[in-house]
Amino acid sequence: MTAREPVSTPFTAADTADEVLRGVDLTGVRAIVTGASSGIGIETARALTSAGAEVTLAVRNTTAGDAVAATIERSTGGIRPRVVRLDLADRAVVTRFTGAWDGPLHLLINNAGLVTGGLERTAEGWELQFATNHLGHFALATGLHDALALGAADRDGARIVSVSSTAHMRAGIDFDDLHFERRDYDPQIAYAQSKTANSLFAVEATRLWASDGIVANAVNPGGVATGLQRNFTARQKESLDAAEAAGVFTYKTVEQGAATSMVAAVAPEFARSGGHYLDDGREACTVTNDADLAQHPHGVKEWALDPATAEHLWTVSADLLRR
């Protein structure tokens with residue numbers, strides 16, 4: 001990769017989503033936030049709605065989504081997001097969602113994430129974390145491409161935000177055994193693979209779709225205590241505690257955790273620039289694949305940005321979804 005100065009912004013780890021959106025008018029912007037019934041997704045949807053966006057909460061549990069929409073409506077003085085069911089692990093549901101979308105889409109925030117404590121599979125036999133965190137969002141984004149292109153023409157650009165994680169530093173993509181059919185299952189490695197895939201998606205989506213006015217960037221929200229950890233095994237919890245003790249991360253509030261997604265969504269620095277991995281409100285520095293996480297807690301490994309790997313993952317993902 002050619003060395004260059006990472007893209008910077010005025011924002012830091014201490015900023016909140018509302019601070020990023022201060023002075024930003026999103027009236028007329030149509031946005032989708034996946035996983036908007038808990039954690040960072042709620043704050044992301046609330047902040048966007050507060051700035052005037054027309055937000056759709058894409059959630060697996062619509063009862064929980066309705067409760068979030070009602071809370072947002074009260075906090076914004078009467079603006080209520082729309083709630084639509086989306087199960088990223090169910091191809092038929094994703095297809096129904098994309099098929100029912102009408103008109104332009106300006107902002108797609110692929111926020112939903114799943115952590116499992118053991119091996120779980122979809123109906124197709126796919127490993128559940130990879131299927132949900134990557135393949136489901138891949139199907140969603142590709143299914144909404146035309147809507148995003150309409151949005152880009154409508155407002156001089158459309159953006160995709162792909163929520164990744166520091167966990168990507170644990171593992172690249174094992175194309176020989178994506179779904180753990182031969183290797184021993186490690187939920188942490190499976191999660192890491194899916195988060196690397198989230199970053200690689202942003203790389204290839206930008207390469208393919210920038211000419212349509214669509215750019216995608218990956219973000220690391222940082223350490224935030226959310227429902228994502230509810231399925232952690234004792235080993236996973238011990239690993240998280242050890243990482244915190246080693247200074248790999250410091251817990252953020254939910255408001256701070258949603259801030260980097262807002263930077264990717266609205267900051268002018270990323271209006272036409274995609275394929276980046278953002279951390280603490282700015283583009284992260286790229287580190288080698290053998291870099292130690294504790295020494296580079298805010299870096300992004302080369303394997304998460306490699307163009308050839310990103311192109312191959314896109315092809316493999318599309319082939320899987322065609323079967």
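Axes here are lines fitted to C-alpha atoms, for helices over the stretch in contact, with angles running from 0 to 180 degrees between N-to-C directions. Keep that in mind as you click through this predicted model.

**Stop 1: α5 beside α7**

Select residues 128-143, helix α5, together with residues 187-209, helix α7. Their axes come within 7 Å and cross at roughly 15°. Angles under 35 degrees count as roughly parallel, and α5 and α7 are therefore roughly parallel to each other. The crossing of α5 past α7 is right-handed. To light up the contact, show Q129, F130, N133, H134, F138, A141 and T142 on α5, then P187, A190, Y191, Q193, S194, K195, A197, N198, F201 and W209 on α7. Colour this α5–α7 contact by class and you will find nine nonpolar, seven polar and one charged residues.

**Stop 2: α7 against α11**

Keep α7 on screen and add residues 307-322, helix α11. Here the axes are 8 Å apart and the packing angle is about 90°. The window for roughly perpendicular is 65 to 115 degrees, so α7 and α11 are described as roughly perpendicular to each other. From α7, the contact takes in A197, L200, F201, V203, E204, A205, R207, L208 and W209. From α11, pick P307, T309, A310, E311, L313 and W314. By class, the contact of α7 with α11 divides into 11 nonpolar, one polar and three charged residues.

**Stop 3: the sheet**

Now hide the helices and show the strands. What is the order of the strands in the open sheet? Reading across, the eight strands run β3-β2-β1-β4-β5-β6-β7-β8, and the pairing is mixed. Find β3 (82-85) and β8 (282-283) at the edges: each has a single partner strand, so one side of each is left without a neighbour in the sheet.

Zoom in on β2, residues 54-59. Five of the six residues of β2 are buried, so the strand is largely enclosed by the rest of the structure. On one side, β2 runs parallel to β1 (residues 30-34), joined by five bridges. For a landmark in that pairing, label I32, whose bridge partner in β2 is T56. Strand β2 also pairs with β3, again in the parallel sense, over four bridges. There, the bridge partner of L57 is V83 in β3.

Stay with T56, which sits in strand β2. Is T56 buried or exposed? With a relative accessible area of 2%, under the 20% cut-off, T56 is buried. Leaving aside residues up to four places away in sequence, T56 touches A31, I32, V33, R82, V84, F97 and W101.

**Stop 4: helices lying across the sheet**

Bring α5 back. It lies across β1, β4 (107-110) and β5, and runs at about 170° to β4.

Next, select residues 259-266, helix α10. Which strands does α10 lie across? They are β4, β5, β6 (214-220) and β7 (277-279), with α10 running at about 155° to β5. Helix α10 is mostly covered, with eight of its eight residues buried. To see them, select A259, T260, S261, M262, V263, A264, A265 and V266.

Centre on A265, which is in helix α10. Its relative accessibility is 8%, so A265 counts as buried. Beyond residues up to four places away in sequence, A265 touches L107, I109, R159 and V161. For a distance check, draw a C-alpha to C-alpha line from A265 to D90: the two are 27 Å apart in space and 175 residues apart in sequence.

**Stop 5: two positive phi values**

Finish in the loops. Go to D156, in the loop between α6 (145-155) and β5 (158-163). Although D156 is not a glycine, its phi is positive, at about 60°. At 58% relative accessibility, D156 counts as exposed.

Then jump to F180, in the loop between β5 and α7. What is the phi of F180 near? The phi of F180 is near 55°, a positive value in a residue other than glycine. In its surroundings, F180 counts as buried, at 4% relative accessibility. Put the two on screen together: D156 is exposed, whereas F180 is buried.

Note on methods: Residues numbered from 1 in each chain as written. Predicted model: local features only at pLDDT ≥ 70, side-chain atom pairs only at ≥ 80, totals over all residues. Heavy atoms only, no water. Parallel < 35°, antiparallel > 145°, perpendicular 65-115°, else oblique. Left-handed = near helix turned anticlockwise from the far one by under 90°. Contact = heavy atoms within 4.5 Å. Nonpolar A, V, L, I, M, F, W, Y, C, P; charged D, E, K, R; others polar. Buried < 20%, exposed > 50% of the residue type's maximum accessible area, 1.4 Å probe, protein only. Pairing = 2+ DSSP bridges.
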